[in-house]
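Biologist: I have a chain open on my screen and would like to talk it through. Can we start with the inside and work outwards?

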Amino acid sequence: MRPRPDTAPAVDPAAEPAADPAKDAVVDPAADPDVTGPVPERPGRRRRAALAARRAAPRSAAAAVCGLALAAAFPPYDLWPLSFVAVAGLSVLTRGRTARQGAWLGFAFALPFFLWLLLWLRVVGYDAVFGLSVLEALFIAALGAGLAITSRLPYWPLWGGCLWVAEELARDRLPFGGFPWGRLAFANTGSPFTPLAALGGAPLVTFAVALTGTLLAAAVLAALRLRAAGTARTARTLLPVAGTAVLAAALLAAGYAVPVPTNATDFVKVAIVQGNVQQPGMHFLGRPMQILDNHVAATLKLAKDIKEKRTPKPDLVIWPENSSDLDPFSNPQAYDKITGAVRAVGVPVLVGALVDGPDAKHVQNEGIVWDPVSGPGASYTKQHPVPFGEYVPFRTELTKVIHRLDQIPRDFYPGKNTGVLKIGPATLGDVICFEVAYDEIVHDTVKAGARAIIVQTNNATYGRTGQPEQQLAMSRLRAIEHGRAIVTAATSGISAVVAPDGIIEQRTKEFTQDVLSARIPLRDELTVADRVGTVPEWTLAMVGILSCAVAIALGRREATKAKGQQ
């Protein structure tokens, strides 16, 4: 059943009364000689702004509350139903508004949302939290404008769901390669919506969550119209409310009908080494060689446990990102320590290290396959360095103003190839840290032949802030999206093993030295999401943008028609 188009001129309780030009006009006595008496003065610009702000305050406050509710839907809180409830709230608030009002409400919604969601960035500085939150909120301000102008169209809940996908498409790519944190899909990595990722990836999960929210908003508004009109509650009058609510409930349950295949004939035994760091925060490195020593010590202990039959021998060992805090190719002592640990355990080890780049100004973030016989071999270089974290855009200009950026002495040089690596008996795909948030990088790695995914990460800077939980949630979604086991190796936690169905089978505590042993499935079957790639995302986004174009065109035509009738 489809939502009923808004054809009746019923009063929308969520909308403010439209302005009456006849009442609001300022009379000019020079233009009308029959007018006598004092003429009211037009309020000054500052006073008009204050009046407008006062009128908008209740809606703005409600939008901010909805934004905070959305933040609570994400880890570490995981109150995922609040994701579509927050979408419903923003839809109600923007219903019948102008584009400018909708944009403001979107911003009022987004700023507290991102401030809370990205609070883990306070380790860098609260100015970084605020600056990034404002930048990200601008995208949702544009979304708010789109929701407002399309809310006058028939079937507006559908267009609203598409606009959420369009907003995330832009925010995931712009600027500097985008920042996907805060996608609706990432708040639903353990909800009934999650299996939809196997059909259309994270964008389809976002669309389902957003459409459920807009349908819920339509049901609420229909119920409020019935109450305001005093209409008798009969089966016929309640049909729009019930029908829209049933659609929302059906969409919520749709994920249960999606099969999530996990069958596998091949398996590989892995050991994940979490060496730990001495301290959290920006200066987690401590003295040189300290982090490497931790991972060497944990691996030597693993080798002893294997020798004494306390632990089964793995086929390969995984170290996290930055597990070697010195370039082993330019530091012989680091090279020898890694080689000694690898030979002790007797199987290939995937080592995370920073190595010198192609010139003196660059460094590369790599995962290196280290064989106990032949030494270092194949490697993967991180493709998507983090702006202002691993490289500084406009370095010459910005470092003159923001001296803190001098703490990044060399920019990370981006890799050009996927992270498909042959490690012992298995062909695995390596992605490093924040790359797990980017659809294309994981998708390309699986399409290139990865039978399972390794996420090498270093969350020591953001330990105990909620950021590691948010990143682990992304691995859960990727597991279902691609039908692959996900192994996360972190320096200080959270290291984890995620099954192809998104279940977290093992995980470590933060800031502990630990080793996980697991037998993970190796799968070759591609999901529907793997086959269709970005087609669902771009299709839904284009539908949302076209709905805005149609709404604008219809609005202009109605304005021209009204002007001609005057």
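**Core and confidence**

Modeller: The largest nonpolar core in this predicted model has 96 residues, and those with the most contacts inside it are Phe 109, Trp 164, Trp 181 and Ile 520.

Biologist: Which helix gives the largest share of this core?

Modeller: Helix H4, residues 99-117, supplies the largest share, with 9 residues.

Biologist: And is there another core apart from it, and what is in it? Say which residues are among them.

Modeller: Another core of 23 residues lies apart from it, and Ala 271, Val 296, Val 317 and Val 342 are among its members.

Biologist: Back to Ile 520. What does Ile 520 touch, leaving out residues up to four places away in sequence?

Modeller: Ile 520 touches Asp 266, Phe 267, Val 268 and Val 270, and also Ala 452, Ala 485, Val 487 and Val 497.

Biologist: Now Leu 70. Where is Leu 70 found?

Modeller: Leu 70 is in helix H2, which covers residues 45-72.

Biologist: Is Leu 70 buried or exposed, and why?

Modeller: Leu 70 counts as buried because its relative accessibility is 1%, and the cut-off for buried is under 20%.

Biologist: What does Leu 70 touch, again not counting residues up to four places away?

Modeller: Its contacts are Leu 82, Ser 83, Ala 86, Phe 109, Phe 113 and Leu 184. Phe 109 is also one of the residues with the most contacts inside the largest nonpolar core.

Biologist: How far apart are Leu 70 and Leu 252?

Modeller: In sequence they are 182 residues apart, and in space their C-alpha atoms are 17 Å apart.

Biologist: Let's zoom out. How many helices and strands does the protein chain have?

Modeller: The protein chain has 15 helices and 13 strands. Its C-alpha atoms fill a box of roughly 100 × 60 × 35 Å along the principal axes.

Biologist: What percentage of the residues is buried?

Modeller: Buried residues are 51% of the 566 in the protein chain.

Biologist: And the surface, what area does the protein chain expose?

Modeller: About 25,700 Å² is exposed, with carbon and sulfur atoms supplying 61% of it.

Biologist: How many positive and negative side chains are there?

Modeller: There are 56 positive and 48 negative side chains, and the centres of the two sets lie 6 Å apart.

Biologist: Last topic, confidence. What is the mean pLDDT of the protein chain?

Modeller: The mean pLDDT is 90, and 91% of the residues reach 70 or more. Over residues 1-35, however, the pLDDT is below 50. That stretch has 40 contacts in the model beyond near neighbours in sequence.

Terms used
Residues are numbered from 1 along each chain as its sequence is written. This is a predicted model: local features need pLDDT of at least 70, side-chain atom pairs count only at pLDDT 80 or more; totals for chains, interfaces and linings use all residues. Side-chain values use heavy atoms; hydrogens and water are left out. A nonpolar core is a set of buried Ala, Val, Leu, Ile, Met, Phe, Trp, Tyr and Cys residues joined through side-chain atoms within 4.5 Å. Buried means under 20% relative accessible area, exposed over 50%, partly exposed in between (1.4 Å probe, protein chains only). Helices (H or I, at least four residues) and strands (E, at least two) are DSSP runs, numbered from the N terminus. Contact means heavy atoms within 4.5 Å. Accessible areas come from the Shrake-Rupley method with a 1.4 Å probe; for residues, only the protein chains shown count as cover. Lys and Arg count as positive and Asp and Glu as negative; His and the chain ends are not counted. The place of a charge is taken as NZ of Lys, CZ of Arg, CG of Asp or CD of Glu. pLDDT is the predictor's confidence in each residue, from 0 to 100.
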